[in-house]
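Please walk through this structure with an eye on its charged side chains and on where they sit along the chain.

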Amino acid sequence: MRTALDQQHEFAQTLLKRVAPVLDGELVNALLDAKQQTEQEINQQRFRVDTLKLKLAGIDSSDARNLLAIADGLVRKSVWILGGDGWAYDIGFGGLDHVLGSGKNVNVLVLDTEVYSNTGGQASKSTPRGAVAKFAAGGKGTSKKDLAMEAVSYGSVYVARVALGGNDTHVVKAFQEAEAHDGPSIILAYASCIAHGYDLVHGLEQQKLAVQSGYWPLMRYNPALRETGKNPFQLDSKAPAIRLKEYIYREARYTMLARSNPKVAAELLIEAQDDVERQWRVYSARAAMPGRGETPNIAPLEKAEDKLVGVADGGAE
């Protein structure tokens, strides 16, 4: 879909340049050079396209008729891919990784319920340590995969972890920034699920506790900040204010193991709390790193005599 929309946009621009001599030059330039990063700018482009259509209707040429058919392609289109954690973390990760590495302007929203919700609640790589799920009846013994940091490793992908119950304003800001980013973006959203084992009327409260415990840190990685010399990694939630057990032992996926095998549950709780603290240290250290504006050069500066000489100058590349 993204590729098709890009092709339509390029073809519409080509046709617009062909019919430009019989159109208002100011309108043509505005259509071609329009910045479409904000909702206001996109609406302005829609208005220009409406004006263009009226003018094209009075021009008798094949280029004008073809442009009239695809003129809406001049307006920036948003493409979102929606899926759950079973897809994003596991069975569809190869495809997701391909999209994130493509450089295309595609947005991804992962509704992270931490189990395969649609197929019966099986454990996935997103299932946290100590939680009970199908194929992890004795409590999952390994930690949750950090998909956010895997996406951050590209450096060119917009990444956010959000929780509506943790900070709803933060959710809106993340969506706005993802839309504005000219490239791949991924938002990982904490999603309450019946498989968690509690009355979902308390879903937002549980999300808030997940953030307060440090289990679900809110963060944004915005590559645009690097261009201004700032650290693109932003940690948007505070250090853990409660112990992990104050969050997880409100859910049956954890308490059922505490009842059936208290010894194993206690051991996994210790390890799960360590997972939280380890992740928090990684995130907080990354957020505290200086930006390029503060430390412009990490590697030694290149000496003049070491610079490569181009072929045009008679040297080797």
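Which residues are linked in a network of salt bridges? The network consists of D112, E114, K144, E251 and R253, where a salt bridge is a side-chain nitrogen of Lys or Arg within 4 Å of a carboxyl oxygen of Asp or Glu. The model is a predicted one, in which local features need pLDDT of at least 70 and side-chain atom pairs count only at pLDDT 80 or more, while totals for chains, interfaces and linings use all residues. Residues are numbered from 1 along each chain as its sequence is written, and side-chain values use heavy atoms, with hydrogens and water left out.

Within that network, R253 and E114 form a salt bridge with an N to O distance of 2.8 Å. This pair links distant parts of the chain, since R253 belongs to helix α12 (residues 252-260) and E114 to the loop between β2 (107-112) and β3 (115-116), 139 residues apart; helices (H or I, at least four residues) and strands (E, at least two) are DSSP runs, numbered from the N terminus. Both R253 and E114 are buried, a term for under 20% relative accessible area, with exposed meaning over 50% and partly exposed in between (1.4 Å probe, protein chains only).

By the same rule the count comes to 21 salt bridges. Among them is the pair of D90 and K125, whose closest N and O atoms are 3.2 Å apart. D90 lies in helix α5 (residues 85-91) and K125 in the loop between β4 (122-123) and α7 (147-152). D90 is buried because its relative accessible area is 18%, whereas K125, at 45%, counts as partly exposed.
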